[in-house]
Amino acid sequence: MNLATGDYMSPNWDILMHQYPDELKRLSKDFSRWVLQGDGLTRDDDGVMILHSKNLAEATDEYETVLANFYAPWCKYSQAMLPLVAEAHTELTKLYDQGLFVKVGVGNVNVDEEAELKDTHEITSYPTLKMVHDNDDGSVVSDTFEGSTDSAAEIVAHVASTVGGLTMIDSKDVASKYAKLLASIDTLLGDAESPTLVLGTYTAPSQVQTYTALAKKVVSGSRFMAATYDMQLATSLLKEVSGNKKVKAKKDMVYVYTKENGVLSLKLPSNDDEFLLRWVSAASVPTVERFNPSTKQGDRMRSGPIGTILMLVGAESHPDFAKWKASMTKVADARRGEANYLFADEKEPRIMGIVEAAQVKTFPAAILISMRGDFEPMTVEGKSEMTESKLNGLLDSALDAPLNPGTDEF
């Protein structure tokens, strides 16, 4: 490679005389490789396409979407990603063969040999996964892969949810296949995670636009979204996915199913898309969850649609902690989407920054903070204060609080 320019078939003149023979060999090798590359699609032993500048357009002609893994052969993280991509290809092929999902291409791009593709698709770190497809004008473009890459199952779940987008349930066959797709994803994910179903029912065609816009924001990872005008199909799908035989769908409702929460429902707001997004986001996770600044929870708190946190902090060994948590759960159930509801032991070292910023003097305490600096931290403290009334009052106070002019985040 020409280290100065990053080009692969361009001489590097900024070298010493004795290095010229090696540079000539490199140029000859790169040119020979380029000449031998055909326009057709070739695959490795795992069936994964070997993508390069000559055949990427053909790949997007054959597949509406191509999962492309841009890797560097010398990078240990790239080497670890290659078998995950191969396994993802196998599982996506199975879903297609079973008639549960569309045909998705999977390929690898060696960035050491494909400088043009590396630059075109703005690859700056390795490995990088991209969702490649044809643009409206016929050009090949790529979207950032925003799902987890920790396992092949999570890669498959993200591809299945995002490529599918908003699925319209308009027949018993579509409903049955959609339920089977979610069951297959659930089996793939195992105990680590479970798929989430967001289902909207509608009576007016304009409501489909609301669901389409919502799907673009919530469909990701293992969260899937569907919509239907047929209440019988909606009921059938909810029963099959949740296992709850008593559930009955109603018109103009939004349902969210997770294993943790079961089936939650909301009357479709007429003119409040922001609240709808917050509610669906909150309904997709446990109503009250343990504080865990992992990548997923941390990212959701920092950049998700809900920028407020209400956290219960106290000694989990205290006999009344379950009662305090139950009070928060009731508030969270009634005011889903207004805050992220968390709990933590008072000795948890990772919450000390929040405790100090809120100037907590007594435990147990409920701390209300804004990740966006909309208001100063607020608290209620003491055993007698951990009630529904006090927690509701704390949330109400935040709604009336003046905006904090600062921009610091916790």
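## Close-up views of two sheets and their helices

**View 1. A hairpin joins strand 5 and strand 6.** Let us begin with one pair of residues: Lys130 has Thr144 of strand 6 as its bridge partner. This is a predicted model, and each of the views below is taken from it. Strand 5 and strand 6 run antiparallel and are paired over 5 bridges. Look next at the turn of this hairpin, where 5 residues lie between the strands and Gly138 takes a positive phi near 90°.

**View 2. An open sheet is built from 6 strands.** Following the sheet from one side to the other, you meet the strands in the order 1-2-4-3-5-6, and their pairing is mixed. Which strands are at the edges? They are strand 1 (42-43) and strand 6 (140-144), and each of these pairs on one side only. At one edge, strand 1 pairs with strand 2 (residues 49-51) in the antiparallel sense, over 2 bridges. Here you can find Arg43 opposite Met49 of strand 2.

**View 3. Helix 5 lies across strands of the 6-stranded sheet.** Helix 5 spans residues 152-164 and lies across strand 3 (66-71) and strand 5 (128-134). Its direction is at about 30° to strand 5.

**View 4. An open sheet of 5 strands has the order 7-9-8-10-11.** The pairing in this sheet is mixed. Its edge strands are strand 7 (166-168) and strand 11 (262-267), each pairing on one side only. From one strand to the next, the twist averages 20°. Strand 7 and strand 9 run parallel and are joined by 3 bridges; look for Leu166, which stands opposite Met225 in strand 9. Helix 5 packs on this sheet too, where it touches strand 7 and strand 9 and makes an angle of about 30° with strand 9. Helix 7 lies across strand 7, strand 8, strand 9 and strand 10 (253-258), and runs at about 175° to strand 9.

**View 5. Helix 5 meets helix 6.** The axes of helix 5 and helix 6 (residues 172-189) come within 9 Å and cross at roughly 155°. Why are these two helices called roughly antiparallel? Their crossing angle is over 145 degrees, the cut-off for that term, so helix 5 is roughly antiparallel to helix 6. The crossing is left-handed. On the helix 5 side, the contact is made by Ala153, Glu154, Val156, Ala157 and Ala160, and on the helix 6 side by Ile185, Leu188 and Leu189. These residues divide into 7 nonpolar, no polar and 1 charged.

**View 6. Helix 6 also meets helix 8.** Here the axes come within 10 Å and cross at roughly 20°. Helix 6 and helix 8 are therefore roughly parallel to each other, and their crossing is right-handed. Helix 6 contributes Lys172, Ala175, Ser176, Tyr178, Ala179 and Leu182 to the contact, while helix 8 contributes Leu233, Leu237, Glu240 and Val241. The residues of this contact divide into 7 nonpolar, 1 polar and 2 charged.

**View 7. Tyr202 and Tyr229 form an aromatic pair.** The structure holds 4 aromatic pairs, and this view shows one of them. The ring centres of Tyr202 and Tyr229 are 6.2 Å apart and the planes are at 70°, so the pair is edge-to-face. Tyr202 sits in the loop between strand 8 (196-201) and helix 7 (205-218), and Tyr229 in the loop between strand 9 (223-228) and helix 8 (231-242), so the pair ties together parts that are 27 residues apart in sequence.

Conventions. Residues are numbered from 1 along each chain as its sequence is written. This is a predicted model: local features need pLDDT of at least 70, side-chain atom pairs count only at pLDDT 80 or more; totals for chains, interfaces and linings use all residues. Side-chain values use heavy atoms; hydrogens and water are left out. Two strands pair if DSSP finds at least two bridges between them. Helices (H or I, at least four residues) and strands (E, at least two) are DSSP runs, numbered from the N terminus. Contact means heavy atoms within 4.5 Å. Axes are lines fitted to C-alpha atoms, for helices over the stretch in contact, and angles run from 0 to 180 degrees between N-to-C directions. Angles under 35 degrees count as roughly parallel, over 145 as roughly antiparallel, 65 to 115 as roughly perpendicular and the rest as oblique. A crossing is left-handed if the near helix is turned anticlockwise from the far one by less than a right angle, and right-handed if clockwise. Ala, Val, Leu, Ile, Met, Phe, Trp, Tyr, Cys and Pro count as nonpolar, Asp, Glu, Lys and Arg as charged, and the others, Gly among them, as polar. Rings of Phe, Tyr and Trp (its six-membered ring) pair if their centres lie within 6.5 Å; planes under 30 degrees apart count as stacked, over 60 as edge-to-face and the rest as tilted.
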